[in-house]
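Let's take a walk through this fold, starting from one helix and working outwards. Have the sequence and the model open as you read.

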Amino acid sequence: MPSAGLTRLKKEVHHRAAVDGNISLMTDLAKHSGLPWDVILGAELVRHYKPDREVYQSAADILDLKPADVMMVARTSATCAAAKQVGLRTAFVTRPKEFGPDGKPDLKGDASVDLSAPDFKRFLARQLGA
């Protein structure tokens with residue numbers, strides 16, 4: 001369950017979710033799933049969607065951070081690559097069952113990935129010092 005890993009990470013870093021989904025829907029999801037996000041940045045704020053560079057740049061701009069101080073954690077290499085082009089750090093977390101038993105998810109990150117982990121709790125949290 002990702003929330004255990006996110007809770008562990010929360011001790012060291014702030015969680016800001018940048019999502020393509022509707023902010024209201026994602027807020028309800030976080031509340032009912034126990035996801036410990038500090039803020040949800042929906043693509044609807046900038047009227048662009050992944051992989052448009054405005055989505056990634058706006059995450060840094062809205063939070064008054066340099067892109068290099070923001071990390072996009074994603075399940076696809078394409079999302080990591082788009083974030084990297086704006087200057088964000090990137091982490092790839094494998095979700096092998098995301099598309100069901102016959103799905104074809106990315107199972108490992110490409111050259112655009114700074115950190116790669118099979119899960120949030122044990123590996124990504126440890127790599128980020130949490």
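Helices and strands here are DSSP runs, at least four residues for a helix and at least two for a strand, numbered from the N terminus. With that in hand, Ser77 can be placed in helix H4. One thing to keep in mind throughout: this is a predicted model.

**The overall layout**

The chain holds five helices and five strands, and read along the sequence they come in the pattern α-β-α-β-α-β-α-β-β-α. Of the 130 residues, 37% count as buried. If you take contacts between residues at least 6 apart in sequence, 44% of them join residues at least 24 apart.

**Helix H4 and what it leans on**

H4 is a good place to look. Its buried residues are Ser77, Thr79, Cys80, Ala82, Ala83 and Val86, and they pack against H3, S3 and S4. A general point helps when reading that list: an α-helix has 3.6 residues a turn, so residues three or four places apart point the same way.

Is Ser77 buried or exposed? Its relative accessible area is 10%, and since buried means under 20%, Ser77 is buried. Leaving out residues up to four places away in sequence, Ser77 touches Phe92, Asp106, Lys108, Gly109, Asp110 and Ser112.

Thr79, also in H4, is buried too, at 14% relative accessibility. Beyond its neighbours within four places, Thr79 is in contact with Lys50, Tyr56, Met72 and Ala74.

Ala81 sits in H4 as well, but at 24% relative accessibility it counts as partly exposed. Its C-alpha is 8.3 Å from that of Asp110, although the two residues are 29 apart in sequence. Just after the helix, Gly87 takes a positive phi of about 105 degrees.

**How H3 meets H4**

Two packed helices are described by the angle between their axes and the distance between the axes. For H3 (residues 53-62) and H4 (residues 77-86), the angle is about 60 degrees and the axes are 9 Å apart. That makes H3 oblique to H4, and the crossing is right-handed. On the H3 side the contact is made by Arg53, Tyr56 and Gln57, and on the H4 side by Thr79, Ala82, Ala83, Gln85 and Val86. Sorted by class, that contact has four nonpolar, three polar and one charged residues.

**Two nonpolar cores**

In soluble globular proteins, nonpolar side chains tend to be buried together. Which residues have the most contacts inside the largest nonpolar core? They are Tyr56, Met72, Cys80, Ala83 and Leu88, in a core of 14 residues. H3, strand S3 (71-74) and H4 each supply at least two residues of this core, with H4 giving the most, four residues.

Apart from this core lies another one of 12 residues, with Val19, Ala30, Ala91 and Leu115 among them.

Tyr56 deserves a closer look. Not counting residues up to four places away in sequence, Tyr56 touches Lys50, Pro51, Met72, Thr79, Ala82, Ala83, Val86 and Leu88.

**Backbone oddities and loops**

Most residues other than glycine have a negative phi, and most peptide bonds are trans. Against that background, a few spots stand out. The peptide bond from Lys50 to Pro51 is cis, with omega near 10 degrees, and Pro51 lies in the loop between strand S2 (39-42) and H3. Arg47 belongs to the loop between S2 and H3 and has a positive phi without being a glycine. Asp64, in the loop between H3 and S3, is another non-glycine with a positive phi.

Here are the values for those last two:

| Residue | Phi | Relative accessibility |
|---|---|---|
| Arg47 | near 55 degrees | 72%, exposed |
| Asp64 | about 55 degrees | 70%, exposed |

Finally, Arg95. Where is Arg95 found? It is in the loop between strand S4 (89-93) and strand S5 (115-117). At 42% relative accessibility, Arg95 counts as partly exposed. Leaving aside its neighbours within four places in sequence, Arg95 is in contact with Arg75 and Pro105. The C-alpha atoms of Arg95 and Ala117 are separated by 9.9 Å, with these positions 22 residues apart along the chain counted as their spacing.

Technical notes: Residues are numbered from 1 along each chain as its sequence is written. This is a predicted model: local features need pLDDT of at least 70, side-chain atom pairs count only at pLDDT 80 or more; totals for chains, interfaces and linings use all residues. Side-chain values use heavy atoms; hydrogens and water are left out. Axes are lines fitted to C-alpha atoms, for helices over the stretch in contact, and angles run from 0 to 180 degrees between N-to-C directions. Angles under 35 degrees count as roughly parallel, over 145 as roughly antiparallel, 65 to 115 as roughly perpendicular and the rest as oblique. A crossing is left-handed if the near helix is turned anticlockwise from the far one by less than a right angle, and right-handed if clockwise. Contact means heavy atoms within 4.5 Å. Ala, Val, Leu, Ile, Met, Phe, Trp, Tyr, Cys and Pro count as nonpolar, Asp, Glu, Lys and Arg as charged, and the others, Gly among them, as polar. A nonpolar core is a set of buried Ala, Val, Leu, Ile, Met, Phe, Trp, Tyr and Cys residues joined through side-chain atoms within 4.5 Å. Buried means under 20% relative accessible area, exposed over 50%, partly exposed in between (1.4 Å probe, protein chains only).
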